[in-house]
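Student: Could you take me through one part of this model in detail? I would like to look closely at the nonpolar patch on the surface, and then at the salt bridges.

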Amino acid sequence: MSGMTRDDVQALLAIPAILLVGVLLTMAGSAGGTRVGAVPVFAACAALCFAVNWVVFVPSYLARTEHFFDLTGSATYISAVLLAAFLTETLDARSLLLAALILVWAGRLGTFLFARVRREGKDGRFDQIKQSLPRFFMVWTLQGLWVLVCAACALAALTASVRVPLDVFAIVGALLWLAGFVLEVAADRQKSAFRADPGNAGRFIDRGVWTWSRHPNYAGEILLWAGIAIIAFPALTGWQLVTLISPLFVYVLLTRISGLPLLERRAERKWGDDPEYQAYKARTPILWPVPGRRGSRPQPD
């Protein structure tokens, strides 16, 4: 442990815990699912989630770059879903719907985030982490778990032995996914356009859907994963129901761990002394959009 910092040691200790959660979830998702020989298809997909991230981690650490981190996350979703579809002999309409929705979301988000980090040159979250082998490896391992947990209920439904025709759950889930997807795309596009305007340098966004919520992109993400879980639910039985933790995991991750807390603290450091930001913050919900509730700065008469 000589030369290692406390953060490095904590990262090393976190890796077995991350893998244990992945193993337990894999056992639940594999129960009652289809197999290729003696190997559950769900388990193969789970292994792929980690393998993809570990493979890309090697050149990324050698180059000390985070440029391919988000793109790899999206590629992991796509790879796992395609593997599940390829290894499962019979795919019904529900399976095809789940696969299509995840592929569309992952493809859009991955290319958007990759273009953003290329444009900005770096992701500030990784400035210190990418210099540490244990911490950087832990983050890539955590991304493998993130993909597995988020997609777990969809993968379990794709590989399930039970096949259920499309029903009201599919309709409600698809509509919820669509609402979340549209909200997330609108938020990302509006923020990109806002940042591209030199006149907005150093300012906070307070227009479009950002007047409904301070983090509408995260609200959209939570909604669309809740939609995925609702669609998957009728095809799950027994221990597979544990995989419905997916939307709860997304919510906790974004609101309690790596999302809102970090962004809110960063915003407070940048604009905490700005009366206009404090007024915007007071009028605008932190997460759940309230259409029609104006959070923008007052406009001149």
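Tutor: Happy to! The nonpolar patch on the surface is formed by Val168, Phe169, Val172, Phe233 and Leu241, and together these residues have about 410 Å² of accessible area. Please keep in mind that this is a predicted model. Take Val172 as a way into the patch: this residue is found in helix H6, which covers residues 168-196. Its relative accessibility is 41%, so Val172 counts as partly exposed, because the partly exposed class runs between 20% and 50%.

Now for the charged side chains. The count of salt bridges comes to 7, and a good one to visit is Asp167 with Arg94, where the closest N and O atoms are 3.2 Å apart. Asp167 sits in the loop between H5 and H6, while Arg94 belongs to helix H4, so this pair ties together parts of the chain that are 73 residues apart in sequence. The two partners differ in how much of them is accessible: Asp167 is partly exposed, with a relative accessible area of 23%, whereas Arg94 has 1% relative accessibility and therefore counts as buried.

Another salt bridge joins Lys130 to Glu66, and here the closest N and O atoms are 3.0 Å apart. This pair also links distant parts of the chain, 64 residues apart: Lys130 is in the loop between helix H4 (93-120) and helix H5 (133-158), and Glu66 is in the loop between helix H2 (41-62) and helix H3 (69-87). Lys130 counts as buried, at 12% relative accessibility, and Glu66 counts as buried too, at 3%. Both calls follow because buried means under 20% relative accessible area.

Next, have a look at Lys281 and Glu268, whose side chains meet in a salt bridge at 2.9 Å, N to O. Lys281 is in helix H10 (residues 275-283) and Glu268 in helix H9 (residues 260-271), with their positions 13 residues apart in the count given for this link. Lys281 is partly exposed, with a relative accessible area of 26%, and Glu268 is partly exposed as well, with 30%.

One last stop: Arg108, Glu184 and Asp188 are linked in a network of salt bridges. If you have the structure open, you could go from this network back to Val172 in helix H6, which is one of the residues of the nonpolar patch where we started.

Note on methods
Residues numbered from 1 in each chain as written. Predicted model: local features only at pLDDT ≥ 70, side-chain atom pairs only at ≥ 80, totals over all residues. Heavy atoms only, no water. Patch = residues over 30% accessible without salt bridge, like charges linked within 9 Å, V, L, I, M, F, W, Y side chains within 5 Å. Areas by Shrake-Rupley, 256 points an atom, 1.4 Å probe, with all protein chains shown as cover. Salt bridge = Lys/Arg side-chain N within 4 Å of Asp/Glu carboxyl O. Helix = DSSP H or I, 4+ residues; strand = E, 2+ residues; numbered from the N terminus. Buried < 20%, exposed > 50% of the residue type's maximum accessible area, 1.4 Å probe, protein only.
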